[in-house]
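Subject: Structure for your attention

Dear colleague,

Please find below the structure that I am handing over to you. My findings follow directly after it.

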Amino acid sequence: MSKKEIATRDVYGQTLVELGKENSNIVVLDADLAGSTKTATFGKAFPDRFFDMGIAEQDMISTAAGLASCGKIAFASTFAVFGSGRAWDQVRMMAAYTRLNVKIVVTHGGITTGEDGASHQANEDIAIMRAIPNMTVIVPTDGIQTASVIREAANFYGPMYIRLSRGKTPVVYENGCNFKIGKGTILKEGTDLTIIACGIMVEKSLNAAEELRKENTNVRVIDMPTIKPIDKELIIKCAEETGAIVTAEEHSIIGGLGGAVAEVIVENCVVPMARVGVRDTFGESGKPDELLVKYGLTETEIMAAARHVLARKK
Amino acid sequence: MVNKDTIFALEKRANQLRQHIIKMICAAASGHPGGSLSAADIITVLYFHQMQHDPKKPTWQDRDRFVMSKGHAAPVLYAALAEAGYFSVEYLKTLRRLGSSLQGHIDMLSLPGIEMSTGSLGQGLSAANGMALAGRLDKKDYQVYCLMGDGECQEGQIWEAAMTSSHYKLDNLTAIVDHNKHQIDGKVEDIKNLNPFGDKWKAFGWHVISCNGHKIADLISAFEKAKATKGKPTVIIADTVKGKGVAFMEERPLDFHGKAPTKDEESAALSQLCQIEVPKK
């Protein structure tokens with residue numbers, strides 16, 4: 001695997017500036033985290049179209065909705081915990097119910113937020129955003145894909161929740177990616193089982209698949225950046241063709257990618273399935289790599305889950 | 001000065017809105033009469049005097065924007081939109097019915113002429129700020145109006161938004177507080193006191209105007225002063241009576257915050273409203 005790493009939030013800031021040059025209707029809001037979310041890059045380039053709303057996430061989302069109602073494409077950014085949790089009602093009422101063009105692009109998703117601890121680690125955001133009607137929910141896989149996702153977001157009319165990371169993310173799409181909203185990508189073909197992953201867990205899933213080959217297990221790996229609307233056809237196809245599913249996400253096993261895949265599986269084609277993710281618990285302070293190990297977000301966990309579903313398959 | 005005929009016509013119109021409110025809430029057998037009636041004169045002045053809007057072109061880009069932050073007062077807005085010609089007055093009867101565009105709380109996607117969906121309190125002023133910022137970016141000179149309840153001002157987001165309006169010096173924005181002094185659980189001052197209310201807004205950097213929210217001439221003059229004020233946003237604290245125009249609702253405002261009158265009460269209310277002789281000045 002490539003060891004090249006790019007922070008998705010850096011790509012976000014750069015892509016916003018490109019979009020800002022191309023389209024004068026792009027406006028960007030932040031809630032006093034512009035340096036961290038990288039929207040400050042846009043603010044520097046287009047000060048008139050950048051609004052730092054101070055530490056007021058609820059106000060930021062409703063203001064973004066007001067701007068969007070007048071034809072602006074409003075990108076609103078903060079950390080994932082605040083963008084999804086603190087402003088949930090505002091997202092529901094004024095971005096989603098209204099189907100307005102508000103793009104909630106959050107950084108510091110998941111446990112790799114690290115040292116800041118549980119208060120800042122969003123492990124539930126995908127679940128609570130996914131439950132809102134009209135919302136599109138995307139977790140980009142790497143920096144390369146993030147650029148496509150942000151561009152697609154600007155072209156797509158309607159509310160979106162896009163979850164980025166704090167740390168640098170291993171590059172999966174070294175040769176470019178063909179991202180389409182609502183579509184998963186087969187990164188590696190296989191016949192014995194399918195691992196469906198998003199975000200930083202995609203690269204780990206590819207590594208796990210390599211390791212499992214030594215055990216004569218032929219694993220298919222799917223990159224599933226769009227959590228909603230989930231790529232139902234691809235999930236069913238994988239379940240039918242490989243007969244077992246493992247999901248892997250940097251999020252609670254409740255209601256995120258694992259939940260979305262399980263909903264498709266139980267209603268369409270029941271096969272053994274296991275979910276790798278944070279197991280219904282809060283995180284804590286620590287280095288991202290230490291936390292990934294402690295909270296079970298590793299190649300080892302993915303391999304154990306794979307062996308478990310394979311055993312149930314027989 | 002606005003002439004007497006204009007004022008008289010607006011008073012009649014407000015009375016008409018009040019009758020619609022009673023009829024539609026009774027037809028629905030649910031809804032919020034008290035806070036709709038208290039806002040009837042404010043809404044009348046906005047929709048039939050102050051605001052630039054065109055029922056034939058509800059998405060006209062230069063129109064003034066109105067955000068009903070107190071979304072439960074939907075009936076008064078629906079009544080005004082129907083009277084203005086956005087849809088038929090007949091349609092008001094469908095309030096809160098399955099399949100009707102007249103949702104219990106305001107839904108911008110279901111009706112022309114609605115700028116923002118509301119119902120979860122405290123959010124409208126932020127959205128109005130967004131519209132005012134967009135107007136400035138687009139170099140348009142439309143005005144943005146936002147009506148809030150006084151109880152609603154207990155929501156923290158109102159004050160986040162109040163800081164935003166003054167920070168960005170949004171003088172194309174006018175907020176109005178329907179200061180009827182009651183909320184569901186009791187009097188605002190007993191539940192969670194807002195006073196000194198005007199001073200709070202002043203401290204947040206606003207130009208504050210207090211007026212009688214049932215006197216058309218006062219409201220018109222307040223809106224004119226607001227529009228003429230540059231460099232800061234204006235809030236009009238409109239002193240109102242919950243249930244205004246219907247004696248038994250004015251006397252028992254807490255009974256009619258979110259409850260429909262009975263059939264008998266409807267008749268009594270309508271006969272009172274029909275009898276109101278508009279006072280000559």
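In this predicted model, the crossing of helices α10(A) and α11(A) is right-handed. The two helices, residues 232–242 and residues 257–268 of chain A, pack at an angle of about 60°, and their axes are 10 Å apart. Because angles of 65 to 115 degrees count as roughly perpendicular and those under 35 as roughly parallel, α10(A) is oblique to α11(A). On the side of α10(A), the contact is made by K232(A), I235(A), I236(A) and A239(A); α11(A) contributes V261(A), V264(A), I265(A) and N268(A). Sorted by class, this contact has 6 nonpolar residues, 1 polar and 1 charged.

In chain B, I would draw your attention to an open sheet of 5 strands. Its order is β1-β2-β3-β7-β6, and the pairing is parallel. Which strands stand at the edges? They are β1 (65–68) and β6 (207–212) of chain B; each has a single partner strand, so one side of each is left without a neighbour in the sheet. On average, neighbouring strands of this sheet are turned by 20° against each other, if direction is ignored.

Within the sheet, strand β2 of chain B (residues 144–149) pairs with strand β3 of chain B (residues 173–179) in the parallel sense, over 6 bridges. In this pair, V144(B) stands opposite L173(B) of β3(B). Helix α9 of chain B (residues 216–228) packs on the sheet, where it touches β3, β6 and β7 (234–239) of chain B. The direction of α9(B) makes about 170° with that of β6(B).

The two chains also meet: 21 residues of chain B are in contact with 23 residues of chain A. On the chain B side, α5 (124–137) and α6 (156–167) each supply at least two of the residues that touch chain A. Which element gives the most to this side of chain B? It is α5(B), with 10 residues. By class, the side of chain B that touches chain A has 10 nonpolar, 9 polar and 2 charged residues.

Finally, regarding confidence, chain B averages a pLDDT of 96, and 98% of its residues score at least 70. For the complex, the predictor gives an ipTM of 0.97 and a pTM of 0.97.

With kind regards

Terms used
Residues are numbered from 1 along each chain as its sequence is written. Chains are lettered from A and ligands numbered from 1 in the order in which they are written. This is a predicted model: local features need pLDDT of at least 70, side-chain atom pairs count only at pLDDT 80 or more; totals for chains, interfaces and linings use all residues. Two strands pair if DSSP finds at least two bridges between them. Helices (H or I, at least four residues) and strands (E, at least two) are DSSP runs, numbered from the N terminus. Axes are lines fitted to C-alpha atoms, for helices over the stretch in contact, and angles run from 0 to 180 degrees between N-to-C directions. Two residues are in contact if their C-beta atoms, placed from the backbone, lie within 7 Å. Ala, Val, Leu, Ile, Met, Phe, Trp, Tyr, Cys and Pro count as nonpolar, Asp, Glu, Lys and Arg as charged, and the others, Gly among them, as polar. Angles under 35 degrees count as roughly parallel, over 145 as roughly antiparallel, 65 to 115 as roughly perpendicular and the rest as oblique. A crossing is left-handed if the near helix is turned anticlockwise from the far one by less than a right angle, and right-handed if clockwise. pLDDT is the predictor's confidence in each residue, from 0 to 100.
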